[in-house]
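Q: I should like to learn how the features of a structural model are read, taking one feature at a time. May we begin with the model itself and then turn to its pockets and cavities?

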Amino acid sequence: MALAPSISIPSASPLPVTFAKANCKSHQLSFFTKTNDSSENKRFFSGHQNFLPRDRRSFTVRAKAKELVFSYPSVMVEKGKYSYDVETLINKLSSLPPRGSIARCLDIFKNKLSLNDFALVFKEFAQRGDWQRSLRLFKYMQRQIWCKPNEHIYTIMISLLGREGLLDKAAEIFDEMPGQGVVRNVFSYTALINAYGRNGQYETSLQLLDRMKKDKVSPSILTYNTVINACARGGLDWEGLLGLFAEMRHEGIQPDLVTYNTLLSACASRGLGDEAEMVFRTMNEGGIVPDITTYSYLVETFGKLGKLEKVNHLLMEMESEGNLPDISSYNVLLEAYAHSGSIREAVGVFRQMQAAGCPPNAITYSILLNLYGKHGRYEDVRELFLEMKVSNADPDAATYNILISVFGEGGYFKEVVTLFHDMVEENIVPNMKTYEGLIIACGKGGLHEDAKIILSHMNEKGIVPSSKAYTGIIEAHGQTALYEEALVAFNTMNEVGSKPSAETYNSLIQAFALGGLYKESEAIFSRMGESGVPRTVDTFNGLIEAFRQGGQFEEAVKAYIEMGKMRCDPDERTLEAVLSVYCSAGLVDEGEEHFQEMKASGISPSVMSYCMMLAVYARSDRWDDAFQLLNEMLENKVSNIHQVIAQMIKGEYDDESNWQMVEYVFDKLNAEGCGLGMRFYNTLLEALWWLGQKERAARVLSEATKRGLFPELHRKNKLVWSVDVHRMWEGGAYTAISVWLNDMFEMFMNREDLPHLATVVVARGKMERSPSVQDAPVAKAAYSFLQDNMLSSFSFPGWNKGRIVCQRSQLKQMLSGIDLSSDESKKDKLITLTNDSLPLPGTRIYPTNVKSRQQNNTNLETTSGTRAELMTSAV
């Protein structure tokens with residue numbers, strides 16, 4: 001139920017007009033003669049008293065409609081906040097039903113409560129915005145003698161009703177004051193002026209100011225500040241605001257900090273640079289000390305005009321006059337430069353404040369640390385943090401949160417963990433944002449042990465990890481192939497009542513996807529739907545990659561089709577995942593068409609996409625296409641990563657000095673986390689192996705493990721020596737097994753003890769118990785590779801289908817029987833890893849391999865018949 005917006009004000013009203021239904025377009029105000037002469041503006045600030053009289057005409061106004069609320073919720077007041085009697089009355093009134101008797105509530109308090117006590121009651125309800133109860137109580141008190149409202153209570157009521165937009169009721173109460181024997185004073189006038197001003201009726205506020213003077217009630221500084229604020233927000237021209245400013249000074253009222261900040265706010269919203277500078281100078285001349293709000297408005301004004309250096313000059317003027325600006329003034333300017341990404345200017349302000357004798361505080365350092373971090377200047381971040389620690393500005397949790405975010409996004413995951421230990425040593429209490437940032441960084445970097453330590457610290461402090469924190473824990477375990485631990489973290493999360501988000505489910509699906517655990521990924525995908533959590537593009541990307549790694553190419557394409565049916569728009573990674581399906585299945589033509597359509601749609605294929613196509617072209621002996629693709633990468637003007645990788649493949653960076661360029665690219669990609677890193681190295685190793693660059697492949701694999709990728713790759717003890725390739729593509733698996741066999745052969749030649757069991761891990765999870773695991777791409781590739789290299793003693797054991805094993809006795813017999821004399825090039829290597837010259841166009845190297853691939857993927861070719869329409873929906 002809406003209140004009628006118009007009422008008629010009786011003659012006792014301070015307003016010499018009748019309020020009618022508003023016609024907003026008719027609101028006109030003749031205030032001051034407008035002038036663009038800045039000297040006239042200065043005249044007002046210099047204290048000149050000759051300002052033009054105003055002709056404040058009548059206006060129609062509209063009170064903002066306010067919906068009546070008839071439900072009376074019972075809200076108990078905080079114990080000890082007021083006296084016992086006041087608390088009891090507030091609680092009684094709070095629980096009073098809509099038609100309950102106010103009189104009965106007050107009976108027991110008759111002559112016990114003073115008007116000051118009642119004022120506290122009204123203030124409590126005002127804080128709650130409960131104008132209905134306040135108005136009922138107020139009307140009852142008006143009819144009583146022992147508790148008739150005084151001017152203070154009238155003022156509270158007018159303020160409350162004005163805050164709620166009930167201008168008609170506020171004016172009605174104001175009009176009743178003389179009839180009730182209550183004298184209107186500066187507070188009640190100011191309250192009504194504020195009521196109209198805050199509701200956009202600044203013209204009425206001006207009329208009330210005139211009426212106030214006619215009633216011989218002298219306005220206060222609060223009154224003028226209220227009127228100026230209302231007019232500034234309402235859009236009164238600058239000359240009109242200056243007129244009010246001069247008027248108050250003429251009446252002997254000296255402007256205060258609020259007055260000047262209000263004028264500066266008007267300058268900021270209107271982009272008045274010269275006027276803002278004039279106000280600021282007048283403020284300083286008047287001995288008013290600026291605060292952070294003052295400088296915020298100055299920065300906003302000159303920032304809009306592209307003249308932030310003007311604020312610098314104003315600060316320098318203050319410094320030169322011996323009026324040292326507050327630290328907050330420098331910080332506001334510093335933050336403005338940081339927001340615009342102006343490092344040089346920001347550092348200039350930082351050094352300026354130090355030279356002026358204003359020591360930076362934690363906020364100052366935090367702003368600059370964040371700015372350096374966003375621009376990848378990590379060495380500057382470290383140096384500035386050390387400078388902060390030796391200064392008097394002690395880092396706080398907010399500072400560490402910025403550092404954790406900066407180094408986490410930069411890929412310095414271990415450094416993030418070091419920051420956590422530094423916090424603990426310095427007795428700085430981490431907050432939830434700290435813990436989330438730490439664990440997310442551990443998740444990206446695959447630092448599961450560190451994530452566990454941080455989680456234990458949270459438990460010791462009685463802090464329940466958030467959904468983000470658990471997602472980081474799951475990701476950390478997933479990046480290191482600790483699938484059971486990831487699942488335990490997921491289940492624990494549900495047990496403690498922390499609801500998994502879409503990101504949590506996606507992290508778990510992605511963890512399983514990297515290892516080809518497509519059955520587990522499917523189960524989480526289904527559970528996600530049952531829980532009502534919306535599936536996102538990352539969900540489908542993970543599922544497609546899980547099917548591809550598990551060799552379920554047809555299911556991968558079906559997942560892509562299902563994605564389109566659910567109107568989930570694919571992104572670049574989706575198209576990259578589909579390309580990986582075609583390339584892994586050996587469908588060269590389909591992969592090539594998909595790749596070309598990606599480019600036609602405006603997508604610049606990533607290095608991973610190029611590497612996939614290079615590998616599939618090489619396996620198909622389409623060397624002319626491979627050469628053309630390499631040239632495309634070399635000529636890529638958008639990404640230097642494409643150029644460096646292409647040159648590395650061609651052997652142009654083999655020497656140590658040039659290899660640093662390759663390492664730089666690897667480090668840059670490392671910042672994106674293990675997930676992207678594993679996809680990158682798998683595709684690169686795939687391309688290198690099939691292009692015959694096997695020695696470089698081994699070197700790249702070493703770089704990957706050096707950066708924490710594939711941590712499960714090698715397990716070595718007296719009993720077992722394993723190489724785990726279940727998360728690798730074929731090229732990576734061949735490279736890893738070759739290096740592993742050569743290391744083992746070197747042990748044998750050096751007469752070192754061989755392990756009791758040599759194991760190649762090709763599958764994890766449910767696949768370990770399934771005989772069909774032997775048909776998975778990695779398992780099939782690993783087994784064939786071992787057989788082709790005369791290592792026939794390796795076989796699938798009955799106790800675990802995800803392992804290819806060889807006993808020590810068989811291993812010794814097998815290695816003893818290898819004749820190296822016939823092949824001098826092998827020397828002490830079991831598998832020769834060399835970099836072959838790239839074959840000329842027309843050369844055939846892998847005909848048998850490609851033929852078998854095509855025979856094994858007949859079903860996928862049928863499914864991929866829908867590829868054209870899929871790409872249409874994708875683009």
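Q: Over which residues does the pLDDT stay under 50, and how many contacts beyond four places in sequence does the model have for them?
A: The model is predicted, so each part is read together with its confidence score. The pLDDT stays under 50 over residues 1-73, and the model has 147 contacts beyond four places in sequence for this stretch. Residues 848-875 also have a pLDDT below 50, with 45 contacts in the model beyond near neighbours in sequence. For the chain, the average pLDDT is 84, and 86% of the residues score at least 70.

Q: How many helices and strands does the secondary structure of the chain come to?
A: Secondary structure is read as a list of elements, here 43 helices and four strands. Burial and contacts may be read beside that list. Of the 875 residues in the chain, 53% are buried. Among contacts between residues at least 6 apart in sequence, 67% join residues at least 24 apart.

Q: How is a single residue read, and where is the place of arginine 707?
A: One begins with the location, then turns to burial and neighbours. Arginine 707 lies in the loop between helix H37 (694-706) and strand S1 (714-716).

Q: Why is arginine 707 classed as it is, buried or exposed?
A: The class follows from the relative accessible area, and buried means under 20%. Arginine 707 has a relative accessible area of 15%, and is therefore buried. Its side chain is joined to that of glutamate 703 by a polar contact of 2.5 Å. Leaving aside residues up to four places away in sequence, arginine 707 touches Glu663, Phe666, Asp667, Asn670 and Tyr681.

Q: How is a pocket read, and which residues lie nearest the centre of the second largest pocket?
A: One considers the volume, the lining, the elements that supply the lining and its chemical classes. The second largest pocket holds about 680 Å³ of space. Its lining consists of 24 residues, and Glu475, Glu503, Ser507, Gln510 and Arg573 lie nearest the centre. By class, five of the lining residues are nonpolar, eleven polar and eight charged.

Q: Which element gives the most to the lining of the second largest pocket?
A: H24 does, with seven residues. Helix H22 (432-445), helix H24 (467-479), helix H26 (502-514) and helix H36 (674-690) each supply at least two residues of this lining.

Q: How many cavities of 30 Å³ or more does a search of the whole structure find, and what volume does the largest have?
A: The search finds five such cavities, and the largest has a volume of about 180 Å³. It is lined by 16 residues, with Leu514, Glu545, Arg548, Arg679 and Trp729 closest to its centre. Seven residues of the lining of the largest cavity are nonpolar, four polar and five charged. H36 gives the most to this lining, with four residues.

Q: What volume does the second largest cavity have, and from which element does the largest share of its lining come?
A: The volume of the second largest cavity is about 140 Å³. Of its 15 lining residues, the closest to the centre are Arg548, Ser584, Glu686, Trp729 and Glu730. H28, H30, H32 and helix H39 (777-788) each give two or more residues to the lining, and the largest share, three residues, comes from H32. The lining of the second largest cavity divides into eight nonpolar, two polar and five charged residues.

Note on methods: Residues are numbered from 1 along each chain as its sequence is written. This is a predicted model: local features need pLDDT of at least 70, side-chain atom pairs count only at pLDDT 80 or more; totals for chains, interfaces and linings use all residues. Side-chain values use heavy atoms; hydrogens and water are left out. On a 1 Å grid over the protein atoms alone, a cavity is a set of points where a 1.4 Å probe fits but cannot get out, and a pocket is an open set with protein on both sides within 12 Å along at least five of seven lines; lining residues have an atom within 4 Å of a point. Grid points are joined across faces, edges and corners, and a volume is the space filled by probe spheres set on the points. Ala, Val, Leu, Ile, Met, Phe, Trp, Tyr, Cys and Pro count as nonpolar, Asp, Glu, Lys and Arg as charged, and the others, Gly among them, as polar. Buried means under 20% relative accessible area, exposed over 50%, partly exposed in between (1.4 Å probe, protein chains only). A polar contact is a pair of N or O atoms within 3.5 Å; within protein, one must be able to donate a hydrogen and the other to accept it, and residues adjacent in sequence count only if both atoms are side-chain atoms. Contact means heavy atoms within 4.5 Å. pLDDT is the predictor's confidence in each residue, from 0 to 100.
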